Number of protein chains: 2
Amino acid sequence: MHISDLSESEIVARIQSRLQPPPDWLLVGIGDDAAVVAPARGRLEVLTVDALVEGIHFDRAVMPPDAIGHRALAVNLSDLAAMGATPRLALLSLGLPAGLSCGEFDAIVGGLAALAARHRTHVVGGNLTRSPGPLLIDVTVTGTVKHRRVLTRAGARPGDEVYVTGTLGAAGAGLGMLRETATAHQPASPACVQRFCYPEPRVRVGELLGRNQAATACMDLSDGLADGVHQIARASGVGIEIDADALPIESAARTWHAAAGRDPVVASVTAGDDYELVFTCRPKGRGRLRAARLREGPTLTRIGVCTPGPGVVLRRKAADGSRAEPMPPGYSHFLVTN
Amino acid sequence: MHISDLSESEIVARIQSRLQPPPDWLLVGIGDDAAVVAPARGRLEVLTVDALVEGIHFDRAVMPPDAIGHRALAVNLSDLAAMGATPRLALLSLGLPAGLSCGEFDAIVGGLAALAARHRTHVVGGNLTRSPGPLLIDVTVTGTVKHRRVLTRAGARPGDEVYVTGTLGAAGAGLGMLRETATAHQPASPACVQRFCYPEPRVRVGELLGRNQAATACMDLSDGLADGVHQIARASGVGIEIDADALPIESAARTWHAAAGRDPVVASVTAGDDYELVFTCRPKGRGRLRAARLREGPTLTRIGVCTPGPGVVLRRKAADGSRAEPMPPGYSHFLVTN
């Protein structure tokens, strides 16, 4: 059975059956013209929206349907994490092609609902429409943060140290491997594919960095580390020097790129989809950072330093010591070459 | 020049140049990972999202680009109006096909920005992506409303009178005329086409109905009057009897439907896209209603009454007095016949 054989209210009921019970701050939920919520006392509101479009961001032939739902929410939660915000609610706008099966639809919604439950993010409403072709998933998420605990891209100063969470390059390599899998039996690294399909938004780290006032600037790596450091440098008015040897590049990604004759460092810093956080800290703020690090899962790696600038450089070992090369531009998911 | 020849930051700058200056409650706007806003004191928050998908909701060949932008925001403002809420901010998620010209893009954004300015709705952020085919516009809007001033669909009681704003059927007929215009020089009624292209969300009426506590239930007519009264009846647990002769059907729509051999009443109540409000009032609440009416533009017409139910009926004049027929189901924009 196809999802388009159902009425709108049947589809809504299918979604609702996969959601957690409504929280007490939700006064009017799914089923009216709009959702009504009581605001969170004494906190600012943080809002973001991201779209996943079939054929641009994912391919239904190779990506498990629950991963599509997971990613659609994860990319938004990652944006909240980068601001130091705690997720609260989501609105779900779906454009459904005629050939989508009910099983596939349920798995997409299930993947999103499972991640939402883990991050206490309630789906309060949305929109359903047909699509003339691609599957469309547009998710709006709001969260809350205390005054003076907001992390922006603009607070880094010369001398601040640059850190990144987790490892780099796994998701980008995973996407490449997923595309190769059409011709191979087994991807080069199931772990990299997993990281592409099910990115783990660093919500808890972002909250702690904001709460401790440990970070001076922060953003997420949706478009890769190179893009991230360029953006922080521009917004903060500083230069940044990254130590290539300090980068926590995922070892399977490093091997895979090297086997294909690519420079693993350049390939990993220009790949998107990592959804790690890059942030800057005052050198004397290391105690605060340690507090955030101790209580939380992913590793935090120091990868560079902010300079009076301008310019973002990548410093590499060389025969005669080291040399600095310009940081390549970030991954651009928008530009069309034609 | 095509919009896809520009970088993401150039496109964002193009959008920003068309927006009003940022309000003081916007603490972090376009350009960071997410927007940060100060909440409106002592008010609830109302949230809604709606998508316009090319080929489903509009046809770029016949609809002016500024009308596409206008409609994309208007349908959301109409949802807020139905809740009695005052609009505050919007997030704009765009999926852009390769062939979209910069002029067309600017006009779409201009149409949206002009309506946003009129309703003091600030665009605080959004998302840009390529689309593999259709132009995609997904708008999220939030507004605010005071406690106990929220209008839902669920408060109607037997004996309440049913009202509608403005006129019915104009937009639906306008859409039909627009499709015919490909073969005719001039649409049958430019006024109907105008109503389809540039729906006027009844924001002020909704605010006044909520503020006066004049209405017991309310919704907007995105899917037509028949759908609206069915939904209120279901949510409130009442029946509704509508007087066909009282319906304020747009005269040009009536003429156009009759000329094509259609029943103008059935055609007008089942057509979507009117974006008027249907609402219910206690009979002794007429004073409050008059207060809302006096200060505002569109006519308010009494069209029926709530009954102990169940059932939604359309009462028509007949040779022997009158007869009640079942209200047809509403316009369904979702169901796919295949």
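Before we start, one definition: helices (H or I, at least four residues) and strands (E, at least two) are DSSP runs, numbered from the N terminus. Keep in mind too that this is a predicted model.

**Exercise 1. Find where the cis peptide bond before Pro310(A) sits, and do the same for Pro310(B).**

Step 1. Start with chain A. Gly309(A) and Pro310(A) are joined by a cis peptide bond, and its omega is about -5°.

Step 2. Look for the elements on either side. Pro310(A) belongs to the loop that runs between β11 (300–307) and β12 (312–318) of chain A.

Step 3. Turn to chain B. Here the peptide bond from Gly309(B) to Pro310(B) is cis, with omega near 0°. Pro310(B) lies in the loop between β11 (300–307) and β12 (312–318) of chain B.

**Exercise 2. Decide whether Arg120(A) and Tyr275(A) are buried, partly exposed or exposed.**

Step 1. Place the residues. Arg120(A) is in the loop between α3 (102–118) and β5 (122–130) of chain A, while Tyr275(A) is in the loop between α9 (264–270) and β10 (277–281) of that chain.

Step 2. Check the backbone. Phi is positive at Arg120(A), near 50°, and positive at Tyr275(A), near 55°. Neither residue is a glycine.

Step 3. Recall the cut-off: a residue is buried if 20 or more other C-beta atoms lie within 10 Å of its own, and exposed if 12 or fewer do.

Step 4. Apply it. Arg120(A) has 13 other C-beta atoms within 10 Å, so it is partly exposed. Tyr275(A) has 25 C-beta neighbours inside 10 Å and therefore counts as buried.

**Exercise 3. Work out how chain B is related to chain A, and describe their contact.**

Step 1. Superpose the copies. A rotation of 180° with 0.0 Å of shift along its axis lays chain B on chain A, at an RMSD of 0.0 Å. That is how a two-fold axis relates copies.

Step 2. Count the contact residues: 55 come from chain B and 55 from chain A. On the side of chain B that touches chain A, β3(B) gives the most, with nine residues. By class, that side has 30 nonpolar, 15 polar and ten charged residues.

Step 3. Compare the surfaces. Because 100% of the interface residues of chain B are also interface residues in chain A, the copies meet through the same surface.

Step 4. Zoom in on one pairing across the chains. Strand β3 (residues 44–53) of chain A pairs with β2(B) in the antiparallel sense over three bridges. Leu47(A) has Ala35(B) as its bridge partner in β2(B).

**Exercise 4. Compare the span of helix α2 (residues 65–83) of chain B with the expected value.**

Step 1. The helix has 19 residues and reaches 29 Å from its first C-alpha to its last, close to the 27 Å expected at 1.5 Å a residue.

Step 2. Now its surroundings: 19 of the 19 residues of α2(B) are buried, so the helix is largely enclosed by the rest of the structure.

Step 3. Finally, see what comes next. Gly84(B) follows α2(B) and has a positive phi, near 80°.

**Exercise 5. Trace the two faces and the partners of strand β9 (residues 239–243) of chain A.**

Step 1. Side chains alternate along the strand. Ile240(A) and Ile242(A) point to one face and are buried, whereas Gly239(A), Glu241(A) and Asp243(A) point to the other and are not.

Step 2. β9(A) pairs with β11(A) in the antiparallel sense over four bridges. Opposite Ile240(A) in β11(A) stands Cys306(A).

Step 3. β9(A) also pairs with β12(A), in the parallel sense, over four bridges. In β12(A), Ile240(A) stands opposite Val312(A).

Terms used:
Residues are numbered from 1 along each chain as its sequence is written. Chains are lettered from A and ligands numbered from 1 in the order in which they are written. This is a predicted model: local features need pLDDT of at least 70, side-chain atom pairs count only at pLDDT 80 or more; totals for chains, interfaces and linings use all residues. Copies are superposed by least squares on the C-alpha atoms of residues with pLDDT of at least 70 in both. Two residues are in contact if their C-beta atoms, placed from the backbone, lie within 7 Å. The expected span of a helix is 1.5 Å times one less than its number of residues. Ala, Val, Leu, Ile, Met, Phe, Trp, Tyr, Cys and Pro count as nonpolar, Asp, Glu, Lys and Arg as charged, and the others, Gly among them, as polar. Two strands pair if DSSP finds at least two bridges between them.
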